[in-house]
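This report describes the fold of a two-part protein chain, moving from local backbone features to sheets, helices and the contact between domains. The sequence and the structure are shown first.

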Amino acid sequence: MRGEYKVPGGKLVAVDLQVQDGRLAQVHISGDFFLEPEEALFDIDAALNGMPTDAGVDQLSSAISGAVGKDTSFIGFSPEAVGIAVRRALGKATGWHDHTFDVIPARTMHPAMHVALDEVIGREVSRGERPPTLRFWDWDSPLVVIGSFQSVKNEIDPDGAAKHGIGVVRRVSGGGAMFMEPGNCITYSLVVPTSLVEGLSFERSYSFLDDWVIEALAEVGVNAHFVPLNDIASDQGKIGGAAQKRFAPVDGGTGAVLHHVTMSYDIDADKMLEVLRIGREKMSDKGHRSANKRVDPMRSQTGMTREAILDSFLATFEKRYATTRSEYSPAELDAAQKLVDEKFSTPEWTHRVP
């Protein structure tokens, strides 16, 4: 059996192994990483031989750390990376190229429908009813989408929201508020089986699932990088942020991770600051008379239309991974509308955090 894991921003780790009587045997680690002293490679192999096949990444990592000397340096990889490669060899963890992704181009609808579709598709992928799915958002009306744990009264200025006719809906994932007007930002949702992030910490899962979009941004001329915990930044400052929701496995499914990202394209930042209370505090120490200098990077940095950027992003993903063009089924749209009516548009859900 063979498994590989490419550390985001680091090196490739490969493992070849056999299984005998429910335990690892003939384990050999290789890759383009650096390791000092070099003899530690054989200590790693020895630590893994005899480990049970149901050992998780944490258990495998602990065995490796306990077997090597304190002066051992892992350069470009880590004991956790080795554990992930082992789990992939055993078929317990998966990589990007183990999947074919459904890709759904942007479709215009009310933003609350997209919030509901995050839950609908997240549960479908969790149950194994839909393949991993990347879908882009487009919307027809202004709305603030707040994180699952945010307080409406702390985030939203009611006078500013009323002045500009902007409503609010709470999504299922954590993170901060998304100020959404038609055409002002670029948003996508990526839903993957939990096996794809097996062994990764929450922080590492953000950078791992954002890796493709860093390349996509480079393709449109934006030099971007990941900033822990969940931000994407360019040379001009923060360009976007990510949020996640994990769906537990049910009915024999694998479980799923919803990972969505919003990046500024052409936000009216002064209007945003009239609507979002927290935005004012975040901008207060920047010394800018107008916040637009910080939140208009995609349009100003690329000179491209939003539609052209969306097309380029989609092309980058399709070039990088196995994909199939897809659409929402009538049943999915019906289920999403039902959630909008019975959950996402209700005061009980919207104001569930005082």
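Leu 229 sits in the loop that links S12 and S13. In this predicted model, the peptide bond leading from Pro 228 into Leu 229 is cis, with omega near 5 degrees. A second cis peptide bond connects Glu 36 to Pro 37, where omega is about -5 degrees. Pro 37 belongs to the loop between strand S4 (34–36) and helix H1 (40–48).

**Domains and their contact**

The domain assignment divides the protein into domain 1 (2–90) and domain 2 (96–351). Their centres, taken over C-alpha atoms, are 35 Å apart. Seven residues of domain 1 and six residues of domain 2 make up the contact. Between domain 1 and domain 2 an area of about 650 Å² is buried, and carbon and sulfur atoms contribute 52% of that area.

Polar interactions across this interface can be listed briefly. One salt bridge is found between domain 1 and domain 2, and one residue pair is in polar contact, both residues being at pLDDT 80 or more. Helix H3 (residues 79–89) supplies three residues, the largest share of the side of domain 1 that touches domain 2. The side chains of Arg 87 and Glu 198 form a salt bridge, with an N to O distance of 2.7 Å.

**The N-terminal strands**

Strands S1 and S2 form a hairpin with five residues between them, and Gly 9 in the turn has a positive phi of about 75 degrees. Within this pairing, Arg 2 stands opposite Asp 16 in S2. S2 also pairs with S3, and there Val 15 faces Ile 29 of S3. The hairpin of S2 and S3 has two residues between its strands. Asp 21 lies in the loop between S2 and S3; its phi, near 55 degrees, is a positive value in a residue other than glycine.

The table gives strand pairs from both parts of the chain.

| Strand | Partner strand | Sense and bridges |
|---|---|---|
| S1 (residues 2–6) | S2 (residues 12–20) | antiparallel, five bridges |
| S2 | S3 (residues 23–31) | antiparallel, seven bridges |
| S14 (residues 237–247) | S15 (residues 256–264) | antiparallel, eight bridges |

**The eight-stranded sheet**

Strands of a sheet pair through backbone hydrogen bonds, in either a parallel or an antiparallel sense. Here an open sheet of eight strands follows the order S12-S13-S14-S15-S11-S7-S6-S16, and its pairing is mixed. Strand S12 (224–227) and strand S16 (322–325) are the edge strands, each pairing on one side only. On average, neighbouring strands of this sheet are turned by 25 degrees against each other, direction ignored. Where S14 meets S15, Phe 247 has Ala 256 in S15 as its bridge partner.

**Helices across the sheet**

Two helices may be described against these strands. Helix H4 (residues 111–127) lies across strand S6 (100–109), strand S7 (133–139), strand S11 (185–193), S14 and S15, and runs at about 170 degrees to S7. Helix H7 (residues 202–219) lies across S7, S11, S12, strand S13 (231–234), S14 and S15; relative to S14, H7 runs at about 130 degrees.

Conventions. Residues numbered from 1 in each chain as written. Predicted model: local features only at pLDDT ≥ 70, side-chain atom pairs only at ≥ 80, totals over all residues. Heavy atoms only, no water. Pairing = 2+ DSSP bridges. Helix = DSSP H or I, 4+ residues; strand = E, 2+ residues; numbered from the N terminus. Axes fitted to C-alpha atoms, helices over the stretch in contact; angles between N-to-C directions. Contact = heavy atoms within 4.5 Å. Domains from an automatic or database assignment. Buried area = accessible area lost by both parts, 1.4 Å probe. Salt bridge = Lys/Arg side-chain N within 4 Å of Asp/Glu carboxyl O. Polar contact = N/O pair within 3.5 Å; in protein donor to acceptor, adjacent residues only side chain to side chain.
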